[in-house]
Amino acid sequence: MFATPAFAQTAGGAMGAVTSLMPLILIFAIMYFLLIRPQQKKLKEHKAMVEALRRGDQVLTQGGIVGKVVKVAEDGIVEVEIAEGVKVKVVKHTIAQVMSKTEPAAA
């Protein structure tokens, strides 16, 4: 009987397993630093911005509506005045950007 090259080779040891997993580990590290980490940072900044909303701030909603915050409720709802006498209720987390901040009230 002749030994075929497939049977003649020995099984790779522990180093063979580590080197075969190295590209997968490298891809995960690149994905983490280029995609996941910046997204988490952006989410944290948005949450801080939404929590800092107060009456008088001019905001831009995700729908493209620009208005002035009239009332900030505790249940995650913000009342925004989009025109003279026209007020709408908006969920806090749908506010995309604070256009201008007001000065904090004197204590």
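In what pattern do helices and strands follow one another when the protein is read along the sequence? The pattern is α-α-β-β-β-β-β, which adds up to 2 helices and 5 strands. Keep in mind that you're looking at a predicted model.

Here are some overall figures for the protein.

| What | Value |
|---|---|
| Share of the 107 residues that are buried | 14% |
| Accessible surface of the protein | about 8,800 Å² |
| Share of that surface belonging to carbon and sulfur atoms | 64% |
| Share of contacts with a separation of 6 or more that join residues 24 or more positions apart | 41% |

Let's start on the outside. Leu26, Ile27, Phe28, Ile30, Met31, Tyr32, Phe33, Leu34, Leu35 and Ile36 form a nonpolar patch on the surface, covering about 1,000 Å². Take Ile27 from that group: you'll find Ile27 in helix α2, which runs over residues 14–51. Why does Ile27 count as exposed? Its relative accessibility is 51%, and the cut-off for exposed is over 50%, so Ile27 makes it into that class.

Now for the inside. The largest nonpolar core has 8 residues: Leu53, Val59, Val69, Val78, Val80, Val90, Ile95 and Val98. Strands β3 (77–83) and β5 (95–100) each give this core at least two residues.

Val78 is a handy core residue to click on. Which residues does Val78 contact, if you skip its neighbours within four places in sequence? Among them are Leu53, Val69, Val90 and Ile95, which are also members of the core. Val78 is in contact with Lys71, Val88, Lys89 and Lys92 too.

Key. Residues are numbered from 1 along each chain as its sequence is written. This is a predicted model: local features need pLDDT of at least 70, side-chain atom pairs count only at pLDDT 80 or more; totals for chains, interfaces and linings use all residues. Side-chain values use heavy atoms; hydrogens and water are left out. Patches are made of residues with over 30% relative accessible area and no salt bridge: like charges are joined within 9 Å, nonpolar side chains (Val, Leu, Ile, Met, Phe, Trp, Tyr) within 5 Å. Accessible areas come from the Shrake-Rupley method with a 1.4 Å probe; for residues, only the protein chains shown count as cover. A salt bridge is a side-chain nitrogen of Lys or Arg within 4 Å of a carboxyl oxygen of Asp or Glu. Helices (H or I, at least four residues) and strands (E, at least two) are DSSP runs, numbered from the N terminus. Buried means under 20% relative accessible area, exposed over 50%, partly exposed in between (1.4 Å probe, protein chains only). A nonpolar core is a set of buried Ala, Val, Leu, Ile, Met, Phe, Trp, Tyr and Cys residues joined through side-chain atoms within 4.5 Å. Contact means heavy atoms within 4.5 Å.
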